[in-house]
Amino acid sequence: MPPKSKPKSQNITTDNGGDEYISLSTVKELMSQHENAFKVMIDSLIKSTTSRVDGFVKDLAELKYSLKYSQKDIASQQIELDRNQSEIQSMSNEISNIKMSLDKYSTKTVDLENRSRRNNIRVTGIPEKRSETWDDSEAMVKSVLKEKLGLASEPRIERAHRVGYSTKQDGSPRNAPRPIVCRLYDWKEKEHVLKQARIHKPSGIYVNDDVAEATMVKRREQIHKLKQAKQEGKIAYFVLDKLIIKDKRSG
């Protein structure tokens with residue numbers, strides 16, 4: 001606020017009618033006082049506004065700097081992200097190639113295992129003796145196959161033995177006897193045994209070709225299709241892991 005000035009003596013005159021008149025010098029002095037007060041008020045307002053504008057300008061400059069830094073940081077992170085994505089894609093391609101190679105080698109391994117079992121059959125349903133030896137297994141399977149399949153003589157078996165654990169995981173005895181895997185001396189004789197098994201279908205005795213576990217898994221996945229085809233009167237059988245379904249010839 002402007003300092004209060006001491007009021008100067010004003011030249012005021014009155015006329016005979018009692019009206020008061022202010023002299024021109026007094027009016028000028030009053031106007032000068034008001035002008036000074038107005039200037040002080042305007043100067044104060046300008047200073048306050050200028051200070052606020054300066055603050056806004058400073059804040060804006062800091063914001064622009066921060067934004068510029070953030071943009072650089074984002075650009076740097078984007079470059080790093082692109083590089084990581086490129087590395088991930090490269091690793092993914094490498095993993096895919098490795099998987100393809102593993103699948104290829106796995107297929108070859110299964111094929112070799114099936115070839116090594118070419119003369120094998122798997123016989124299920126023959127009762128199991130306590131402390132049974134391989135010789136016992138061979139003797140029993142020869143006798144059962146000859147009797148149940150109507151063979152002219154006992155098949156020539158190179159070796160025969162039970163497969164699987166004799167007890168369950170909890171140590172209790174199995175509910176059913178373990179299968180016997182037999183290796184015959186001749187592939188043609190093996191095929192003859194399988195053919196006779198399909199013809200005679202002995203009750204409780206199941207004779208199948210012996211294949212790799214991976215092939216067995218694929219067969220199990222298709223067993224419902226095989227059963228359905230047979231129920232429909234069709235011919236259905238497996239060749240390794242492929243299910244073959246044919247219509248029976250009429251006549």
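Is D209 buried or exposed? In this predicted model, D209 is buried, since its relative accessible area comes to 19% and the cut-off for calling a residue buried is under 20%. As for where it sits, D209 belongs to strand β6, which covers residues 206-209. Its side chain isn't without a partner, either: a polar contact of 3.1 Å links the side chain of D209 with that of R219.

Right after β6 comes a look at D210, which is buried too, with a relative accessible area of 3%. D210 pairs up with R117 in a salt bridge, and the closest N and O atoms are 2.8 Å apart. What does this pair tie together? D210 is found in the loop between β6 and α4 (213-231), while R117 is found in the loop between α1 and β3 (120-124), so the salt bridge connects parts that lie 93 residues apart in sequence. The story doesn't stop with two residues: through salt bridges that share partners, E113, R117, R122 and D210 are joined into one network.

Salt bridges turn up elsewhere as well, and searching the whole structure gives 19 of them. One of these is made by E80 and R83, whose closest N and O atoms are 1.9 Å apart. Both residues sit in helix α1 (residues 24-116), and because they are 3 residues apart there, about one helical turn separates them. Neither end of this pair is hidden away: E80 is partly exposed at 34% relative accessible area, and R83 is partly exposed at 40%. Another salt bridge brings together the side chains of D241 and K242, with an N to O distance of 3.8 Å. Here K242 counts as exposed, because its relative accessible area of 56% passes the cut-off of over 50%.

Next up is R162, a residue of strand β4 (residues 157-162). With a relative accessibility of just 10%, R162 is buried. What does its side chain reach? One target is the backbone oxygen of P127, at 2.8 Å. The backbone oxygen of I126 is another, lying 3.1 Å from a polar atom of the R162 side chain. So R162 has a buried position, with side-chain contacts to backbone oxygens of I126 and P127.

The surface has its own features, and two patches are worth pointing out. What kind of patch do K195, R198, K201, K230 and K248 form? Together, these five residues make a positive surface patch. Among them, K195 can be placed in helix α3, which runs over residues 187-200. K195 has a relative accessibility of 49%, so it counts as partly exposed; the line for exposed is drawn at over 50%.

The other patch is nonpolar. Which residues make it? I235, Y237, V239 and L240 do, and the patch they form has an area of about 300 Å². I235 lies in strand β7, made up of residues 235-239. With 36% relative accessible area, I235 is partly exposed.

Taken together, the picture has buried residues with polar partners, such as D209 with its contact to R219 and D210 with its salt bridge to R117. It also has a positive patch that includes K195 and a nonpolar patch that includes I235.

Definitions and conventions
Residues numbered from 1 in each chain as written. Predicted model: local features only at pLDDT ≥ 70, side-chain atom pairs only at ≥ 80, totals over all residues. Heavy atoms only, no water. Patch = residues over 30% accessible without salt bridge, like charges linked within 9 Å, V, L, I, M, F, W, Y side chains within 5 Å. Areas by Shrake-Rupley, 256 points an atom, 1.4 Å probe, with all protein chains shown as cover. Salt bridge = Lys/Arg side-chain N within 4 Å of Asp/Glu carboxyl O. Lys, Arg positive; Asp, Glu negative; His and termini not counted. Charge placed at Lys NZ, Arg CZ, Asp CG, Glu CD. Helix = DSSP H or I, 4+ residues; strand = E, 2+ residues; numbered from the N terminus. Buried < 20%, exposed > 50% of the residue type's maximum accessible area, 1.4 Å probe, protein only. Polar contact = N/O pair within 3.5 Å; in protein donor to acceptor, adjacent residues only side chain to side chain.
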